[in-house]
Amino acid sequence: MKKSISDGSLYFKLKSYSQTDFVPLHMPGHKRNVSLLGDDIPYSLDITEISGFDNLHHAEGIIKQAQAKAERLYNSRHSFILVNGSTCGILAAVRTVTEYGDEIIMARNCHKSVYNACTLNNLTAHYIYPPMDKKTAVSGSIYPHDIEIMLKTYPKSKAVVITSPTYEGVISNIEEICRIAHNVNVPVIVDNAHGAHQAFVDNVIGEPVACGADIVISSLHKTLPSLTQTAVAHINGDFVNAGDFSAELAVFETSSPSYVLMASADRCFDILAEHGVSLFAKYGKRLADFDEKMKNLKNITLLCHGADCVYNHNFYGFDSGKIVICTKDCGISGVELSERLRREYHIELEMAYSFYAVAMTSICDSDENFQRLIAALSEIDEKLCRNTTQVNSFNVPALQQSQYSPASLPKNGEILPLEQAVGKISLDHIYAYPPGIPLVVAGEIISKDFVEYIRSLEMCGVDVHTAHGDLTQIKCF
Ligand SMILES: Cc1ncc(COP(=O)(O)O)c(C=O)c1O
């Protein structure tokens with residue numbers, strides 16, 4: 001059969017885009033770098049579980065060998081390749097350590113998959129609010145002391161769930177958090193979706209497998225050379241049974257896993273084993289060169305890069321692969337900056353928010369990618385003016401939780417525009433994607449202050465919505 005490619009097809013659009021000169025400072029971590037990685041992932045490799053090709057859900061052959069490569073690389077007891085992203089690993093992880101109706105302690109800046117896991121298991125979540133970095137409005141590290149207090153206040157909690165590194169690259173002290181939680185026999189789940197590369201970085205701190213976390217879920221596709229949707233989960237320690245985790249994975253992960261995706265995860269492990277040291281050394285040099293050249297920016301500031309460093313913030317650690325470009329003091333929003341980079345410089349960032357935008361880098365970013373970002377930021381910086389009065393405050397108003405557990409929330413409610421939902425209990429998560437962290441969680445009471453905050457995000461160009469639609473349709477009661 002002849003290839004059928006129409007101008008309106010997704011394939012055509014992807015193919016055309018791949019021929020442009022856009023710099024991909026976003027996921028996936030392979031950066032479409034075919035000169036480094038090859039260009040041979042075709043239909044001819046797309047099979048199902050035929051004889052000799054093992055079974056992801058009961059791996060005993062070639063897939064088990066691939067998972068063993070991950071166990072060696074990450075020094076983990078059990079590693080599982082995932083083909084439905086970190087999302088399926090997070091859902092399975094929370095279900096492995098909790099029973100229906102349990103309580104858990106989780107960071108309020110967790111990804112929506114953690115909230116969805118709470119809904120599925122009807123968990124009462126006790127939130128830890130990470131402190132906000134005053135200079136940038138980025139959420140900071142989780143304090144181990146806060147975990148200790150929460151574990152004392154809610155002794156029935158069955159697990160602690162936190163994200164490290166965050167979308168913006170902030171790392172928490174996982175070692176200390178694990179020590180505290182393990183003291184009271186509570187397992188720690190680390191959403192390490194943004195940290196699959198951490199294990200290969202020199203002098204890294206807070207790498208969760210090494211720090212003793214019980215379940216660690218990392219998206220290979222975000223920061224390493226592997227295809228979109230690939231991830232890996234590691235089970236360690238004595239609190240979690242790998243067989244139980246595997247049984248839960250079977251609930252959330254497709255029973256027809258793509259061999260193309262699994263092959264790319266396997267290749268990623270091979271690349272790391274054979275060339276990881278040299279690729280990360282080169283990457284480290286590119287980042288150091290970037291920092292050097294960005295030291296003299298006058299208006300834009302870069303979080304923990306250029307003239308800034310981690311000690312200026314109350315962070316335990318920072319992932320230097322993330323470049324958070326802060327616009328708070330120069331009169332434009334993060335969204336405007338990212339649009340400018342796209343329009344004028346053909347640089348596509350990972351995400352843009354009210355007062356910052358995030359570029360994601362990886363070992364697959366070429367010198368040229370970095371040089372183009374350096375040139376663009378330097379030029380934009382020259383044209384901007386310092387304007388420290390622009391932002392009054394970026395305090396995020398806290399929301400009150402209702403008494404309802406996820407399962408006791410009614411299924412149906414009123415559909416109201418945001419302003420009319422003030423005082424009502426939301427039946428939906430309200431969030432900006434990316435980063436996919438709910439601004440309002442189902443069960444929280446929508447306040448006037450919060451509506452104003454959401455509208456101020458929108459004024460900056462941030463797209464805020466619910467799982468059902470836009471802000472004219474908030475499901476509440
Ligand atoms: C912090 C965090 N956790 C989990 C996920 C889900 O990862 P995946 O897209 O691999 O399912 C994301 C996705 O962006 C994320 O940012």
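Which residues does M106 touch, not counting residues up to four places away in sequence? In this predicted model, M106 touches V114, Y115, C118, A125, H126, Y127, I128 and V161. M106 belongs to strand β3, which spans residues 103-107. Because its relative accessibility is 1%, and buried means under 20%, M106 counts as buried. The C-alpha atom of M106 lies 9.9 Å from that of V188, a residue 82 positions away along the chain.

The protein chain is divided into three assigned domains, with these bounds.

| Domain | Residues |
|---|---|
| Domain 1 | 43-267 |
| Domain 2 | 284-383 |
| Domain 3 | 400-476 |

The C-alpha centres of domain 1 and domain 3 are 27 Å apart. Their contact involves 17 residues from domain 1 and 16 residues from domain 3. Between them, domain 1 and domain 3 bury about 1300 Å², with 54% of this area on carbon and sulfur atoms. Of the area that domain 1 buries against domain 3, 39% is supplied by R108, K112 and Y167, more than by any other three residues.

One salt bridge is counted between domain 1 and domain 3. R108 forms a salt bridge with E444, in which the closest N and O atoms are 3.1 Å apart. Six residue pairs, both members at pLDDT 80 or more, are in polar contact across the interface of domain 1 and domain 3. On the side of domain 1 that touches domain 3, the elements giving two or more residues are α5 (112-120) and β4 (124-128). Of these, α5 gives the most, with five residues. The residues of this side comprise nine nonpolar, six polar and two charged.

Technical notes
Residues numbered from 1 in each chain as written. Predicted model: local features only at pLDDT ≥ 70, side-chain atom pairs only at ≥ 80, totals over all residues. Heavy atoms only, no water. Helix = DSSP H or I, 4+ residues; strand = E, 2+ residues; numbered from the N terminus. Buried < 20%, exposed > 50% of the residue type's maximum accessible area, 1.4 Å probe, protein only. Contact = heavy atoms within 4.5 Å. Domains from an automatic or database assignment. Buried area = accessible area lost by both parts, 1.4 Å probe. Salt bridge = Lys/Arg side-chain N within 4 Å of Asp/Glu carboxyl O. Polar contact = N/O pair within 3.5 Å; in protein donor to acceptor, adjacent residues only side chain to side chain. Nonpolar A, V, L, I, M, F, W, Y, C, P; charged D, E, K, R; others polar.
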